[in-house]
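Me: Please take a close look at one part of this model, the helices at the start of the chain. I would like to know how they pack, which residues they use, and how this part sits within the whole.

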Amino acid sequence: MAAVSEELSNFIREALQQGLGRPEIEKVLLEAGWMKEEVAHGLGKYADVDFPIPVPKPKPYLSAMEAFLYLLLFAALYMSAYNLGSLLFNIIALLLPDPALTDRGDMEAWIERGIRWDISMLLIAFPLYLYMSYLISRSYRRDPLGRASKIRKWLTYVTLFIVSGFIVGDLAVLIFNLLGGEMTLRFFLKFLVVGIIAGTIFGYYLWDLRKEEKEQ
């Protein structure tokens, strides 16, 4: 969401005080060169009600509880995604062992320990993510203003940035191996694991942001 400068906010407040209509204010600001998102955000700071003076909308604020909920939610998401990927990698390694390995007995024992650990983490992290999502969704129903939480937006964009890096890296490794003629079924399955997990997270949170923008 575009930030609103004090100059723009003051102009909008004074224009509303003069009794000018919102379409008229928006039109003149766009003609003056302000971005559409800035104008919409600035107008959105005041309630569209019939009153002699502009009525400001309540501002979202960051509470310690809110920060705790979102940090725990995204930490559970990262742990779930990492351990799901690790679990699938280990299963692929178990079913399609690397023929270059000489001591497969020790390697299989190591992989089986890894699978137990991944399953253990998933059984804790993913239900925690679902539960935190439920708590936050319930808070939205009680207070729709919570969707404007700054920490939620920051963590969402950080998550989009991280998974974008994974998607780009995954595609780069795929092209690198294709050019080198080193494509194997084991590699292709690992490529799909990373792509599907990162793509799902990216698609979901991008959809959530777009949905929020349409509702504003």
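Reply: The account below begins with the whole chain, turns to the part in question, and ends with the later helices.

The model is predicted, and local features require pLDDT of at least 70, side-chain atom pairs count only at pLDDT 80 or more, and totals for chains, interfaces and linings use all residues. Residues are numbered from 1 along each chain as its sequence is written, and side-chain values use heavy atoms, with hydrogens and water left out.

The protein contains seven helices and two strands, where helices are DSSP runs of H or I of at least four residues and strands are runs of E of at least two, numbered from the N terminus. Their order along the sequence is α-α-α-β-β-α-α-α-α. The radius of gyration is 25 Å, well over the 17 Å of the globule rule for 216 residues, so the protein is more spread out than a compact globule; this radius is taken over C-alpha atoms, and the rule is 2.2 Å times the number of residues to the power 0.38. The C-alpha trace spans about 80 × 40 × 20 Å along its principal axes. Of the 216 residues, 30% count as buried, meaning a relative accessible area under 20%, with exposed over 50% and partly exposed in between, for a 1.4 Å probe and protein chains only. Among contacts (heavy atoms within 4.5 Å) with a separation of 6 or more, residues 24 or more positions apart account for 74%.

The part in question starts with helix α1 (residues 6-17) and helix α2 (residues 22-31), which pack at an angle of about 145° with their axes 10 Å apart. Axes here are lines fitted to C-alpha atoms, for helices over the stretch in contact, and angles run from 0 to 180 degrees between N-to-C directions. The α1 and α2 crossing is right-handed; in this convention the near helix is turned clockwise from the far one by less than a right angle, whereas an anticlockwise turn gives a left-handed crossing. On the α1 side the contact uses L8, F11, I12, A15 and L16, and on the α2 side R22, I25, V28 and L29. By class, this contact comprises eight nonpolar residues, no polar ones and one charged. In that scheme Ala, Val, Leu, Ile, Met, Phe, Trp, Tyr, Cys and Pro are nonpolar, Asp, Glu, Lys and Arg are charged, and the others, Gly among them, are polar.

Helix α2 also packs against helix α3 (residues 36-44), at an angle of about 150° and with axes 10 Å apart. This crossing, too, is right-handed. R22, I25, E26, L29 and L30 of α2 meet K36, V39 and L43 of α3. This contact has five nonpolar, no polar and three charged residues. R22, I25 and L29 of α2 take part in both contacts.

V39 lies in α3 and is buried, at 0% relative accessible area. Beyond neighbours within four places in sequence, V39 contacts L8, I12, E26, L29, L30 and W34. Of these, L8 and I12 belong to the α1 side of the contact described above, and E26, L29 and L30 to the α2 side of the contact with α3. The C-alpha of V39 is 27 Å from that of F161, 122 residues away in sequence. M35, by contrast, is in the loop between α2 and α3 and is partly exposed at 46% relative accessibility. M35 and F51 are 16 residues apart along the chain, with C-alpha atoms separated by 27 Å.

The later helices complete the setting. I111, in helix α5 (residues 104-142), is buried at 6% relative accessible area and contacts N90, A93 and L94, leaving aside neighbours within four places. K190, in helix α7 (residues 185-215), is partly exposed at 25%; beyond four places in sequence it touches F89 and I92. The C-alpha atoms of K190 and A93 are 9.5 Å apart.

Helix α6 (residues 150-179) has 30 residues and reaches 43 Å from first C-alpha to last, close to the expected 44 Å, a span of 1.5 Å times one less than the number of residues. Its buried residues include I151, L155, L160, V163 and L174. After α6 comes G181, with a positive phi near 65°.
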